[in-house]
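Hi everyone, thanks for coming. Let me put the structure up on the screen, and then we'll walk through it together.

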Amino acid sequence: MNASPCFSQNVSVSTNLIDYACLGTLNVEASYSVAQHWSVTASARYNPFTFHKGDADRQFQYRQQSYAVGARFWTWHSFSGWWAASKIRYQEYNHGGMFSRDAEEGDRIGIGLSAGYTYMISRHFNLELGIGAWSGMSWYCRYSCPVCGLTVENGRKWFLLPDDVMISLAYVF
């Protein structure tokens, strides 16, 4: 009897489609399965876009670069079914002009919790649905408008924000 080797799918790369709707935020997450119920993740988000740049009445942006590392627990097995995750995240951000003329920029560091479900679409493609929140410390500077640079407030504060609202397409190797 000849035994054939058995290959499992240990790596996935995904992108969150909802992040693209957030003013074109580019994003990627890589995951590696370390056990039947556990995977480790690393992700990055990047948005360099400013809209109506230079026009003080119309300029708006949600610029950021964000990096996270974490782990997921899978109730069935890695890359399929229900999961819960935690992560450590750093974000450098600059947003403003969308709902008011105020703008804010700064750095955040914190921890996040999320949960979701992964549907196996085919052997190599998954659809991930999830939601989460993250909390931590923010060092910030608030301005009266996105263009003028007049400082209104600065300091540090605790934050609690929604995070990982996701509809992700994943490729599993």
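So, how much space lies in the largest pocket? About 380 Å³. Keep in mind that this is a predicted model, not an experimental one.

Okay, who's around that space? The pocket has 18 lining residues, and the ones closest to its centre are Cys22, Arg45, Tyr62, Pro162 and Asp163. As for chemistry, the lining is a mix: 7 nonpolar residues, 5 polar and 6 charged.

Now, which elements do they come from? Four of them supply at least two lining residues each: α1, residues 17-21, then β5 at 60-74, β6 at 81-96 and β9 at 151-172. The top contributor is β9, which gives 5 residues to the lining.

Let's stay with two of those strands for a bit. β5 and β6 run antiparallel to each other, paired over 14 bridges. If you want a spot to look at, find Phe73, whose bridge partner in β6 is Ala84. The two strands make a hairpin with 6 residues between them, and in that turn Phe79 has a positive phi, about 70°.

β6 has another partner too. It pairs with β7, residues 103-120, again in the antiparallel sense, over 16 bridges. Here you can pick out Ala85, which has Ser114 in β7 as its bridge partner. What links β6 and β7? They form a hairpin, with 6 residues between them, and Gly97 in that turn has a positive phi of about 80°.

So if you take one picture away, take β6: it pairs with β5, it pairs with β7, and it helps line the largest pocket. Thanks!

Technical notes. Residues are numbered from 1 along each chain as its sequence is written. This is a predicted model: local features need pLDDT of at least 70, side-chain atom pairs count only at pLDDT 80 or more; totals for chains, interfaces and linings use all residues. Side-chain values use heavy atoms; hydrogens and water are left out. On a 1 Å grid over the protein atoms alone, a cavity is a set of points where a 1.4 Å probe fits but cannot get out, and a pocket is an open set with protein on both sides within 12 Å along at least five of seven lines; lining residues have an atom within 4 Å of a point. Grid points are joined across faces, edges and corners, and a volume is the space filled by probe spheres set on the points. Helices (H or I, at least four residues) and strands (E, at least two) are DSSP runs, numbered from the N terminus. Ala, Val, Leu, Ile, Met, Phe, Trp, Tyr, Cys and Pro count as nonpolar, Asp, Glu, Lys and Arg as charged, and the others, Gly among them, as polar. Two strands pair if DSSP finds at least two bridges between them.
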